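Hi,

Here is the structure I promised to pass on. Have a look at it first, and then read my notes below.

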Amino acid sequence: MIRVNIRQKRFGMVPVLGPLAFDIAAGETVALTGPSGIGKTTLLRLVAGIDPVFDGQIDRPDHQAIVFQEPTLLPWRCALDNLMLVHSGLPRADAETALGAVGLCGKGSLFPGQLSLGQQRRLSLARAFAGRPEFLIMDEPFVSLDAETADAMLSLTEELIAQHQPATLFVTHSMTEAERLADRVLELKTGPDGAVLA
Amino acid sequence: MRDTQITPLLSIACLVVLWIVAAFLTADPQILPQPWDLLPRFRQELASGDLQRNLGVTLLRVMWAFALAMVLGSVIGLSMGRSVAINRWLDPWLVIFLNLPALVLIVLCYLWIGLTEAAAITAVTLNKIPNVATILREGGRALNPDLDAMAQVYRLPWRTRLRHVILPQLAPFIAAAARSGLSLIWKIVLVVEFLGRSSGVGFQIHLYFQLFDVAMVLVYAFSFIAVMLLVEWLVLQPWERQVRSWRTA
């Protein structure tokens with residue numbers, strides 16, 4: 001269970017997030033929507049523990065994974081190393097299976113720069129699921145992909161979430177993505193002291 | 001032979017031709033001897049063992065100063081690049097040390113520490129640290145925050161983070177600092193030896209300067225340049241090629 005209780009998040013004197021609280025149950029997928037610039041990514045960074053400076057409390061499991069807007073891979077390591085370095089105890093065979101699950105079978109020795117953007121996104125997904133996370137965070141993971149690739153990625157993510165059952169929080173601007181992936185949709189709207197849940 | 005191999009050789013050959021012409025026009029071997037006039041003197045120094053001994057002493061000083069300057073300069077530069085507060089505190093120091101003439105630091109180290117090996121290496125190290133710190137500060141500023149966040153979320157141990165996330169990003173900056181560092185350090189080491197040591201290439205150059213023996217000054221200078229070129233070709237360039245291999249894959 002992930003418990004989020006934020007009283008306030010400020011950047012300097014500017015309030016960004018107002019009081020907001022929500023839970024995500026194990027195996028539940030929650031979409032976070034809202035207009036651009038309202039603070040969705042900021043909220044995601046707080047929930048992921050990347051930004052620890054805020055007023056409030058967030059309970060999250062130790063075993064979490066993240067998929068950023070950009071693939072955020074280690075460009076100097078091959079695809080297989082990108083999985084095995086991040087998950088230090090991951091056997092090579094499991095890493096290869098994880099690559100195969102996202103359609104990157106036989107691409108383990110390639111550097112990220114040798115893969116297309118769609119393949120890099122798949123590798124980023126493989127990295128997230130290879131560690132069997134209890135909590136998965138995704139920040140607009142299908143943005144800037146062509147419609148066909150985005151649809152294929154969405155289906156793949158659906159399959160992987162169904163298979164691994166992590167608690168998932170993901171940011172999206174697309175209601176189609178939210179409806180396909182999420183059990184519940186949270187919308188951020190402007191409040192008197194920063195963004196709050198609608 | 002490929003163009004990439006021929007061009008540097010041709011370039012060096014042009015330099016030698018220029019030297020021959022200049023020596024011919026000067027027409028005074030005491031001012032500028034012909035390149036072939038250096039060979040007997042070179043063989044003589046080699047046979048006596050003086051050349052190897054002095055080259056070894058200087059090389060050891062260069063390596064010590066280089067290692068210390070790279071480690072300390074990298075730590076300082078990286079801290080400055082990562083922390084605005086540390087940068088605010090140390091930036092004025094950096095500007096002062098960058099503009100402090102090498103000679104002043106060398107003289108002060110000899111005066112404060114004495115005419116010792118420690119003073120010599122300290123003087124060279126202090127001269128180089130600001131340069132390394134400046135380059136690595138830029139490296140620290142250029143680190144990708146998303147990779148940092150990724151490492152944080154996946155809870156990578158600090159060793160893994162340093163080795164596989166941070167150092168590869170810093171590699172071009174470390175290579176630039178190492179390359180400029182090595183060329184600067186050996187020149188400063190020679191000055192340090194010239195002023196206050198009784199061994200090394202700098203000391204020998206000082207000795208032959210007093211004897212107005214241009215040929216021997218050139219023998220020692222070229223011998224050490226040759227050693228540094230070997231270091232560049234056998235150590236620095238292969239290392240740089242290795243760390244950049246993923247870019248060309």
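**How two helices cross**

Let's start with a pair of helices in chain B: H8(B) passes H9(B) in a right-handed crossing. By the way, this is a predicted model, so please keep that in mind as you read on. The axes of H8(B) and H9(B), the helix of residues 201-210, come within 7 Å and cross at roughly 55 degrees. An angle from 35 to 65 degrees counts as oblique, and H8(B) and H9(B) are therefore oblique to each other.

Which residues make the contact? From H8(B) there are Val189(B), Leu190(B), Val191(B), Val192(B), Glu193(B) and Phe194(B), and from H9(B) there are Val201(B), Gly202(B), Phe203(B), Ile205(B) and His206(B). Sorted by class, the residues of this contact are eight nonpolar, two polar and one charged.

**Val217(B)**

Ile205(B) turns up again if you look at Val217(B), a residue in helix H10 (residues 214-243) of chain B. Once neighbours within four places in sequence are left aside, Val217(B) is in contact with Ile205(B), Tyr208(B) and Phe209(B). Is Val217(B) buried or partly exposed? It has 17 C-beta neighbours inside 10 Å, and a residue needs 20 or more to be buried, so Val217(B) counts as partly exposed. If you want a sense of distance, try Ile96(B): Val217(B) is 121 residues from Ile96(B) in sequence, and their C-alpha atoms are 34 Å apart in space.

**Chain B as a whole**

Now zoom out. How many helices and strands does chain B have? The count is eleven helices and zero strands, so to speak an α after every α when you read along the sequence. The C-alpha atoms of chain B fill a box of roughly 70 × 55 × 30 Å along the principal axes. Chain B has 249 residues, and 31% of them count as buried. Take the contacts in chain B with a separation of 6 or more: 72% of these are between residues 24 or more positions apart.

Another pair to click on is H3(B), residues 50-82, and H6(B), residues 117-141. Their axes come within 6 Å and cross at roughly 35 degrees. H3(B) passes H6(B) in a right-handed crossing, and the residues of the contact divide into 17 nonpolar, eight polar and six charged.

**H7(B) and the contact with chain A**

My last stop is H7(B), which covers residues 145-153. Its buried residues are Leu147(B), Met150(B), Ala151(B) and Val153(B). Why do they sit on the same side of H7(B)? They cover an arc of only 165 degrees around the axis, which puts them there together on the same side of the helix. In general, an α-helix has 3.6 residues a turn, so residues three or four places apart point the same way.

What do the buried residues of H7(B) pack against? In chain A they meet helix H1 (40-48) and strand E6 (64-67), and in chain B they meet helix H8 (158-196). After H7(B) comes Arg155(B), which has a positive phi, near 50 degrees.

The contact between the chains takes 14 residues from chain B and 18 residues from chain A. On the chain B side, H7 and H8 each supply at least two residues, and the largest share, six residues, comes from H7(B). By class, that side of chain B has ten nonpolar, three polar and one charged residues.

Enjoy exploring!

Notes
Residues are numbered from 1 along each chain as its sequence is written. Chains are lettered from A and ligands numbered from 1 in the order in which they are written. This is a predicted model: local features need pLDDT of at least 70, side-chain atom pairs count only at pLDDT 80 or more; totals for chains, interfaces and linings use all residues. Helices (H or I, at least four residues) and strands (E, at least two) are DSSP runs, numbered from the N terminus. A residue is buried if 20 or more other C-beta atoms lie within 10 Å of its own, exposed if 12 or fewer, and partly exposed in between; C-beta atoms are placed from the backbone. Two residues are in contact if their C-beta atoms, placed from the backbone, lie within 7 Å. The arc is that of the directions from the helix axis to the C-beta atoms. Ala, Val, Leu, Ile, Met, Phe, Trp, Tyr, Cys and Pro count as nonpolar, Asp, Glu, Lys and Arg as charged, and the others, Gly among them, as polar. Axes are lines fitted to C-alpha atoms, for helices over the stretch in contact, and angles run from 0 to 180 degrees between N-to-C directions. Angles under 35 degrees count as roughly parallel, over 145 as roughly antiparallel, 65 to 115 as roughly perpendicular and the rest as oblique. A crossing is left-handed if the near helix is turned anticlockwise from the far one by less than a right angle, and right-handed if clockwise.
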